[in-house]
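Reader: Could you take me through this one and tell me what backs up each label?

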Amino acid sequence: MPEPIVVLDGYTLNPGDLSWESLEIFGDLTVYDRTPDDQIVARARDAPYVFTNKTPLSADTIDELPQLRYVGVMATGFDVVDVGAAKSRGIPVTNIPTYGTNSVSQHATALMLELVRHVGIHSDAVHRGEWSTSEDWCFALAPMIELTDKTLGVVGLGRIGLAFARIAAAMGMRIIAHDAVELTPAQLGGLPVQYTSMERLFREADVISLHCPLTPETDRLVNAERLRLMKPTAILLNTSRGPLVDSQALADALRAGQIAGAALDVLDTEPPPPDSPLIGAPRCIITPHISWYAKESRQRLLDIAVGNLKAFLDGAPVNVVNA
């Protein structure tokens with residue numbers, strides 16, 4: 001008899017444009033769009049295989065799931081699971097380490113271009129009739145900047161940071177980077193990158209883009225002190241982790257005109273409270289954690305999640321974060 005497989009919060013990954021058939025092959029699949037905290041145990045109690053994206057599996061919750069043998073996190077970050085508690089019971093926890101490189105790097109590009117070309121506000125103005133009533137054949141509502149010969153500073157030159165740097169280099173930008181581990185020329189594949197200190201990166205870059213993991217060392221990496229190092233014409237991008245940025249310090253810097261703008265796909269609290277300091281901040285673009293959300297990226301994520309379960313069932317688990 002097929003064993004139960006439960007997906008606790010499948011809606012964000014698959015709002016209806018993907019198929020769960022590849023996962024159904026391995027058991028009796030139940031997919032919940034979302035699971036409130038007080039229903040986690042009831043829904044997962046009889047399942048040996050449980051998948052979660054953001055639904056938390058605490059130590060207490062894991063203790064109440066006697067049949068649990070495998071946890072699949074349908075994301076890269078796995079802090080929603082008490083991996084130590086799972087390990088103590090011999091339960092592997094897997095994640096999806098690489099799936100959104102193209103999607104995230106292209107979203108970072110879109111955010112950068114929006115900040116320097118202001119496509120949205122001009123399109124909105126045209127639809128409001130402002131071009132139709134203009135005395136001139138064109139008009140501009142904000143300064144526009146060419147990125148050619150500008151300096152991009154990448155903090156965290158991993159897969160996504162490198163992909164974004166390649167796009168920027170194709171537009172003629174100079175690339176500087178800071179990372180604890182420097183890539184070899186072969187790994188850079190001919191991309192001209194100058195590694196530098198964090199302080200110099202913040203002083204020199206016209207565009208700073210964050211692509212590093214969240215660690216105790218990178219928590220509030222962008223703070224009031226580093227924002228004061230930036231050029232008044234510089235912009236900040238964050239498509240990595242919200243807590244890399246001190247939200248209040250960034251909001252203060254934007255309101256003071258200390259930097260030219262910021263574009264963020266992640267915030268330190270998600271969803272943000274209505275009084276989040278960055279909501280309503282000037283020259284600040286915020287998208288709701290969707291840089292990963294391209295259909296192709298989500299399909300890749302689902303395929304890897306299915307592959308993780310298959311590897312576990314075959315006795316050769318992969319992408320285990322609590323081995």
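Author: Here are the ground rules, then helix α7 and a pocket.
Author: This is a predicted model, where local features need pLDDT of at least 70, side-chain atom pairs count only at pLDDT 80 or more, and totals for chains, interfaces and linings use all residues. Residues are numbered from 1 along each chain as its sequence is written, and side-chain values use heavy atoms, with hydrogens and water left out.

Reader: How do you know that the span of helix α7 agrees with its 12 residues?
Author: The expected span is 1.5 Å times one less than the number of residues. For α7 (residues 159-170) that gives 16 Å, and the end C-alpha atoms are 17 Å apart, so the two agree.

Reader: Which residues of α7 are called buried, and why?
Author: Buried means under 20% relative accessible area with a 1.4 Å probe, protein chains only. Gly161, Leu162, Ala163, Phe164, Ala165 and Ala168 are the buried ones in α7. They pack against α5, β6 (151-155), β7 (174-178), α8 (185-188), β9 (207-210) and β10 (235-238), a contact being heavy atoms within 4.5 Å.

Reader: What makes the second largest pocket a pocket?
Author: On a 1 Å grid over the protein atoms alone, a pocket is an open set of points where a 1.4 Å probe fits, with protein on both sides within 12 Å along at least five of seven lines; lining residues have an atom within 4 Å of a point. Here 15 residues line the pocket, with Glu114, Leu115, His118, Ala260 and Arg283 nearest its centre. Elements giving two or more of the lining residues are α5 (101-117), α6 (119-127) and β12 (284-286).

Notes. Helices (H or I, at least four residues) and strands (E, at least two) are DSSP runs, numbered from the N terminus. Buried means under 20% relative accessible area, exposed over 50%, partly exposed in between (1.4 Å probe, protein chains only).
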